[in-house]
Amino acid sequence: MNRLLRLFCLCCLSLFFSTIAFADECLECHQMETPAAVKQWQASSHAPAIGCSACHGTDHEAILKGDAPADAKVCGRCHEKAYHEHVSSKHGLGLHTGWGCTRNLESRDPRECRFCHEEGSTQPKTSIQCARFLTQTSEMAALGCNRCHQVENSCASCHTNHITDLAVVRSPASCATCHMGPDHPQWEMWQTSRHGVLFDALGESVGPTCQSCHMTGGSHDVSFGITMSPAMIQPPIEERAGRRQEMISICTQCHALSFAERELESADVILEQSRELIKEAEAIILDLADRDLLVPSLQNRPEHPLRGQELVLDGQMLYEDISHVERLFFKMKKYDFAKTVKGAFHQNPAYTHWYGNAEMKMTLVDIKAEAARLQKSEVSRSEVSLREEGSAYQPLEEELQVLKRKRDRGAITAEEYSQRKQTLLEKLPDNND
Amino acid sequence: MNRLLRLFCLCCLSLFFSTIAFADECLECHQMETPAAVKQWQASSHAPAIGCSACHGTDHEAILKGDAPADAKVCGRCHEKAYHEHVSSKHGLGLHTGWGCTRNLESRDPRECRFCHEEGSTQPKTSIQCARFLTQTSEMAALGCNRCHQVENSCASCHTNHITDLAVVRSPASCATCHMGPDHPQWEMWQTSRHGVLFDALGESVGPTCQSCHMTGGSHDVSFGITMSPAMIQPPIEERAGRRQEMISICTQCHALSFAERELESADVILEQSRELIKEAEAIILDLADRDLLVPSLQNRPEHPLRGQELVLDGQMLYEDISHVERLFFKMKKYDFAKTVKGAFHQNPAYTHWYGNAEMKMTLVDIKAEAARLQKSEVSRSEVSLREEGSAYQPLEEELQVLKRKRDRGAITAEEYSQRKQTLLEKLPDNND
Amino acid sequence: MNRLLRLFCLCCLSLFFSTIAFADECLECHQMETPAAVKQWQASSHAPAIGCSACHGTDHEAILKGDAPADAKVCGRCHEKAYHEHVSSKHGLGLHTGWGCTRNLESRDPRECRFCHEEGSTQPKTSIQCARFLTQTSEMAALGCNRCHQVENSCASCHTNHITDLAVVRSPASCATCHMGPDHPQWEMWQTSRHGVLFDALGESVGPTCQSCHMTGGSHDVSFGITMSPAMIQPPIEERAGRRQEMISICTQCHALSFAERELESADVILEQSRELIKEAEAIILDLADRDLLVPSLQNRPEHPLRGQELVLDGQMLYEDISHVERLFFKMKKYDFAKTVKGAFHQNPAYTHWYGNAEMKMTLVDIKAEAARLQKSEVSRSEVSLREEGSAYQPLEEELQVLKRKRDRGAITAEEYSQRKQTLLEKLPDNND
């Protein structure tokens, strides 16, 4: 009953707005000003009932200023189910925080801060949401970041502005604009997987598309069955089994249960194995930081906007004003790790192994080489100062300092600290000789 | 009248040549020798009126030697408008100078030198035209360079040799063979942009292709509206506004004027911002050269074919026999910079940011790291020689030498030189003590 | 007669098996359990005559255990010609040795060892077959390696499991899943070559696909006309001319003989020129090994599974636990070299030059830079120890040691060794002074 009432109201609203549009006020100019938009609307299933003002309103000044965007909320007035699925999925996570958090956006609306921050606090509410914010210019943020990171509030991201032809959004290429590139090439890996090959040869009735598995039945909940959160972090363990069952329910529309389970479990294991490689690299860089060998040192670089002079290697890691070894780690974690794991879940051998696993291992070689270089130059420095200052103890004192830092950041326990300190001190020549 | 006369002459010529072809002299053998060529010609709109000899002539020996190529001039005899648009566009710039200039091509026709050089001069007429010339072998020049850099004189580059079906040249893939890859992936960035996605789903009537925007109405002036010259150099400022208006006239066939202007202006700004990153890297390398820290040093490498022992970081930069830091710069400028800017103008977020801007920033990290490494090894060298030769002045003398080089290449003014020299000298211990 | 008899037997066999299938025992459950498999079989040319058990047998337990795979041998029972072409081509080489050889596969069937090894021997029968074996996990081997390296025994690799529609295997995308990526991007280079562009615009009747040239007339001998073996090794010289003639016979279905010969010969030359670049890099790394400058040194890394503490730079080279300079070489040889040469043979300028030749040259710059770095740090080490130990001879002694190693690995002859040793000794200060 309630539902019928709502439907009735919607129709009335539509009619009301459409009458305005029918006055042809908009079309008169816009056939000249934005010919494609008019033509596409005319060919769409919105025309003629849902006119311009139904979505854009009638305040022309506001429209021009960008104050009356035809955003997801507007679409949601009619497309309720899709809207709710969309906003409660990963697409609704608030990925535009790259925009909201960018430090040097001059024209930032202060209300946007509250999206990530409690009022008066510079700390983000969650660490996931603020993973992306660099000293980006507003132009790069607009063309480079938010062309994708606006999805939570822009149905046009996928549907385009005025076309309602579902051929656009059913095309896997439609997902490519955002789900491509070095950080998450899902489109590329699907395209050359067996799924993509079958689609290429026989169409979507045989070859599953992005939408077949991630938007089954036209659902807008793109997170259905996904056991991965942004920045390659997994959801709480208690949520994972349920999500996996969701995905299995999709795989088994074609595949045997045992096959689907085995494939996804193998990918789970590859995720864990890949994480071990990341941890190995991370430990090397943390140790270099303990020894103050990073160039530029944490003291000699611009502060991290949220974490100050801390070494940041997690999802909030930056890729500018960092040391060479951290930049190698950025590539390894953000690009190679993602390709390995997403390649495994998307059944693409070249991404899983060559673009993924092999690159991780080779970047780890590079990271170890850089660490060896930095430690070697440290050793020569010690040798030089040793000879110059005539003190045999200085390297040992430095080593004790490193040990203290490890204890302070929790890498070793207080007990381990004591033991290793003792071992170091025993190497000292007996001063009583 | 003049036009009618010309058309009449052309028809006569065609008829004359076609009668020769009709003698079937060519086909008799070529149905066996080059079956696809014959079949394609037979299915083309040239057949049967425009026969083999109309384009290839009748001197079989000359044809075999390559002395009678069916080149752009031959096509231009009939396709006058297209020919003139083509040769006056960037496609007619003489991009084959990679071929003309390559130092070690044995079989080079000396007359080709005059394409780039005044007679008797080794200096190029313009710096743009000779941007590409390395110690390339003739085979690499043939298969690697001139398969693309022959476009000014080869309509077949896009149209193929005997097919006249416009489906080939209307296909955006047709542009891919040359406009792809690390240095200018326009095809890749279009394909995954919204423009490419719409083309994929709904064809060229809705999704703009390369040709829709850069060859509107079938024009062969591919430079229409382009505000960029080869090697990412911009045309003179007085030309840019006119060219921009040309491009806007194309964008507004679909988009609102304000939107088109805003988008292109944002890309302009990204171009400037990216140039700043390039300049930052360039300054680091110039300083390393001032300090003679490049390995191999400018003295210890083969001379640059045009510029001798000079450090070349502009469009004539080579990518062999250079130092590691220059090679990083080559990647940053030739690949990352181009991807950022072309990505912005082609509305591809992943190219603008991840493949472009992020790579530039990370390569800048690498360049700074290499500079730090080279300077550190220099410092140890100084320390060693300092201790060995007992002279406190040597590092200062070196620093003065560096300062002189900076003045000589115009990096600092004479006044700045004096000031900085004075500052250095004041650091000297008082010898009268 | 023999042939007719065979055909008769086959029909009988088919009928026999199909009757079992017709009992609908399988379908009853499998319409629920593996709906896509059933649907695809029903739509295939196998149905209804060739039922489930014709390929899978009737031992359900064995099927579930993986002991009754519907592998190439099973297909070969009916598709004899294709099977024999397949197993005698490169696709039948036994590429799954990545699987058979991987050291740490727990569940390895010991009989598999004999695929590569004489019983009781750890030496591989040929060096080509064991080119790939790392400390890979079984999960990475399954999803990353053997999804492709199972081709010798899996027709489903290309044909899929139950679809018999030739549109799948005639699609060039079908080859992409394996023939893509950094090590051999044949699909990418075909797609953007003129061949691929013509296919895109006009289909396979005009644009040659992978299959047009490498599986002409539906042949399953994918090696026909190929003058290259795995790991970029060429077949014996006496075989090459015959293979080249095979390929020429395919090219001349469209192209003039002289053109085809010239193109392929140019590619041959590019192969040789590229090999020279590889040898230059290889010599640098061998010299670093002679000087014991690799980090980690050969003594300080896990043993190579087949070659122990030897420096391995050939097809058995690993990409983990190696030095930075070896990892650069791996990229240069495995990725850049392959792109250059395969790019030339597939007429793709961007792969031949930018992704290939230019990358080789730039990686060579990087390799030289790393060698210079390692040698410099060696020199400082010598200088330090020289001053400390007061011995002028030590660097000379080291140089003699290097010379000995070069003689031992056959890089210099005994005569050259004597000469260069003499030259070194003459540099010694006269001790009698």
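A crossing of two helices is called left-handed if the near helix is turned anticlockwise from the far one by less than a right angle, and right-handed if clockwise. Keep that in mind for the first exercise, and remember that you are working with a predicted model.

**Exercise 1. Describe how H17(B) packs against H18(B), and say which residues of the two helices meet.**

Solution.

Step 1: Get the geometry. Two packed helices are described by the angle between their axes and the distance between the axes. Helix H17 of chain B covers residues 237-251, and its axis runs 9 Å from that of H18(B) at an angle of about 130 degrees.

Step 2: Put a word on the angle. Over 145 degrees would count as roughly antiparallel, and 65 to 115 as roughly perpendicular, with the rest left over as oblique. That is why H17(B) is oblique to H18(B).

Step 3: Use the opening definition. H17(B) crosses H18(B) in the right-handed sense.

Step 4: Find the residues. On the H17(B) side you have B:Arg244, B:Met247, B:Ile248 and B:Cys251, and they meet B:Leu257, B:Ala260, B:Glu261 and B:Leu264 of H18(B). Sort them by class and you get six nonpolar, no polar and two charged residues.

**Exercise 2. Now do it for chain C: at what angle do the axes of H17(C) and H18(C) cross, and which residues make the contact?**

Solution.

Step 1: In chain C, helix H17 is residues 237-251 and helix H18 is residues 257-290; their axes come within 9 Å and cross at roughly 130 degrees. H17(C) is therefore oblique to H18(C).

Step 2: As for handedness, this crossing is right-handed.

Step 3: H17(C) brings C:Arg244, C:Met247, C:Ile248 and C:Cys251 to the contact, while H18(C) brings C:Leu257, C:Ala260, C:Glu261 and C:Leu264. Six of these residues are nonpolar, two are charged, and there are no polar ones.

**Exercise 3. Work out how chain C is related to chain A.**

Solution.

Step 1: Know what to look for. Two copies of a chain are related by a rotation about an axis and a shift along it.

Step 2: Read off both parts. Chain C lands on chain A after a rotation of 120 degrees with 0.0 Å of shift along the axis, and the RMSD is 0.1 Å.

Step 3: Conclude. These two copies are thus related as by a three-fold rotation axis.

Step 4: Try chain B too. Superposing chain B on chain A takes a rotation of 120 degrees with 0.0 Å of shift along its axis, with an RMSD of 0.1 Å.

**Exercise 4. Which helix gives the largest share of the side of chain B that touches chain A, and which gives the largest share of the side of chain C that touches chain A?**

Solution.

Step 1: Start with chain B. This contact takes 35 residues from chain B and 37 residues from chain A. Helices H15 (194-202), H18 (257-290) and H20 (349-389) of chain B each supply at least two residues of chain B's side. The largest share, 17 residues, comes from H20(B). By class, chain B's side has 19 nonpolar, ten polar and six charged residues.

Step 2: Go on to chain C. Here 37 residues of chain C are in contact with 35 residues of chain A. Among the elements giving two or more residues to chain C's side are helix H3 (35-42), helix H10 (138-145) and helix H19 (324-345) of chain C. H10(C) gives the largest share, six residues. Chain C's side divides into 18 nonpolar, twelve polar and seven charged residues.

Step 3: Ask whether the copies use the same or different surfaces. Only 3% of the interface residues of chain C are also interface residues in chain A, so the copies meet through different surfaces. For chain B, too, only 3% of its interface residues are also interface residues in chain A, so there again the copies meet through different surfaces.

**Exercise 5. Track down some backbone details in the loops of chains B and C.**

Solution.

Step 1: Look for a cis peptide bond in chain B. One joins B:Ala47 and B:Pro48, with omega about -5 degrees. B:Pro48 sits in the loop between helix H3 (35-42) and helix H4 (52-56) of chain B.

Step 2: Check chain C. C:Ala47 and C:Pro48 are joined by a cis peptide bond, with omega about -5 degrees. C:Pro48 is in the loop between H3 and helix H4 (52-56) of chain C.

Step 3: Turn to phi. B:Gln347 has a phi near 55 degrees, a positive value in a residue other than glycine. You'll find B:Gln347 in the loop between helix H19 (324-345) and H20 of chain B.

Note on methods: Residues are numbered from 1 along each chain as its sequence is written. Chains are lettered from A and ligands numbered from 1 in the order in which they are written. This is a predicted model: local features need pLDDT of at least 70, side-chain atom pairs count only at pLDDT 80 or more; totals for chains, interfaces and linings use all residues. Two residues are in contact if their C-beta atoms, placed from the backbone, lie within 7 Å. Helices (H or I, at least four residues) and strands (E, at least two) are DSSP runs, numbered from the N terminus. Ala, Val, Leu, Ile, Met, Phe, Trp, Tyr, Cys and Pro count as nonpolar, Asp, Glu, Lys and Arg as charged, and the others, Gly among them, as polar. Axes are lines fitted to C-alpha atoms, for helices over the stretch in contact, and angles run from 0 to 180 degrees between N-to-C directions. Angles under 35 degrees count as roughly parallel, over 145 as roughly antiparallel, 65 to 115 as roughly perpendicular and the rest as oblique. Copies are superposed by least squares on the C-alpha atoms of residues with pLDDT of at least 70 in both.
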